[in-house]
Amino acid sequence: LSLSLSLFLSLSPSILSTSSHSFTLSSHTLTPHVAMATVFVTVGTTSFDELIRTVLSEEGQSVLLHKGYNKVVAQVGGYHGDVAKVEGFAVEKYDYKRSIKDDIEAADLVISHAGAGTSLEVLRANKPLISVINTDLMNNHQSELANQLSLDGHVIAATPQTLIRQIKEFEPDQLRPFKPADPTIFRDFMTAVVIS
């Protein structure tokens, strides 16, 4: 080892880290420890088999693995189809639970149906979101919402047919943070109306 590297290693017994891997100092050698970068997938309270089938397919898992994710936690609704097995990739799934807040908080990326409630919950948690439009729904408000949020730079809008491509192209830093509306504006307006 060079003198400067030896000095650095002797003075820096701390953990060196990158976004998805950490390296610990062990006898002056760097040993990688792979962190579990997690994707949370949710269909909400409806069925959206095409979304689940796409993400849990061999291609879906392989693309996520290539992007640095190695685990999916999926709220699958009534989906009981096949789940591919990809080496180095873990899949946990469940039908429904009372709250998905903890799953959202634990995720590094959320891939969700484009429902308003779930989209808002994910955006409030400041998590990167790929919002997948269920094109089988009639009077599809999901399309309007996802496309507007995408135009505003807060989410990536996709359909099941474009999801793999969107994951391949996705970079979390391309999204703008979502700032919820200030509730005091409405309160102050109503106060002014009532007082006048």
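What follows looks at strand β4, the nonpolar cores and one helix pair in a predicted model. Local features need pLDDT of at least 70 and side-chain atom pairs count only at pLDDT 80 or more, while totals for chains, interfaces and linings use all residues. Residues are numbered from 1 along each chain as its sequence is written, and side-chain values use heavy atoms, with hydrogens and water left out.

Start with β4 (strands are DSSP E runs of at least two residues, helices H or I runs of at least four, numbered from the N terminus). Five of its five residues are buried (under 20% relative accessible area, 1.4 Å probe, protein chains only), so β4 is largely enclosed by the rest of the structure. T38, F40 and T42 point one way, V39 and V41 the other. The strand runs parallel to β5, joined by five bridges, with V41 opposite A74. It also pairs in the parallel sense with β7 over four bridges (pairing takes at least two DSSP bridges), and here F40 sits opposite V110.

The largest nonpolar core (buried Ala, Val, Leu, Ile, Met, Phe, Trp, Tyr and Cys joined through side-chain atoms within 4.5 Å) holds 29 residues, of which L64, I111 and I130 touch the most other members. Its largest share, four residues, comes from α2. Apart from this core lies another of 13 residues, including V110 and L149.

Finally, the axes of α5 and α6 (lines fitted to C-alpha atoms over the stretch in contact, angles 0 to 180 degrees between N-to-C directions) come within 10 Å and cross at roughly 25°. That makes the two helices roughly parallel (under 35 degrees).

Technical notes:
Parallel < 35°, antiparallel > 145°, perpendicular 65-115°, else oblique. Buried < 20%, exposed > 50% of the residue type's maximum accessible area, 1.4 Å probe, protein only.
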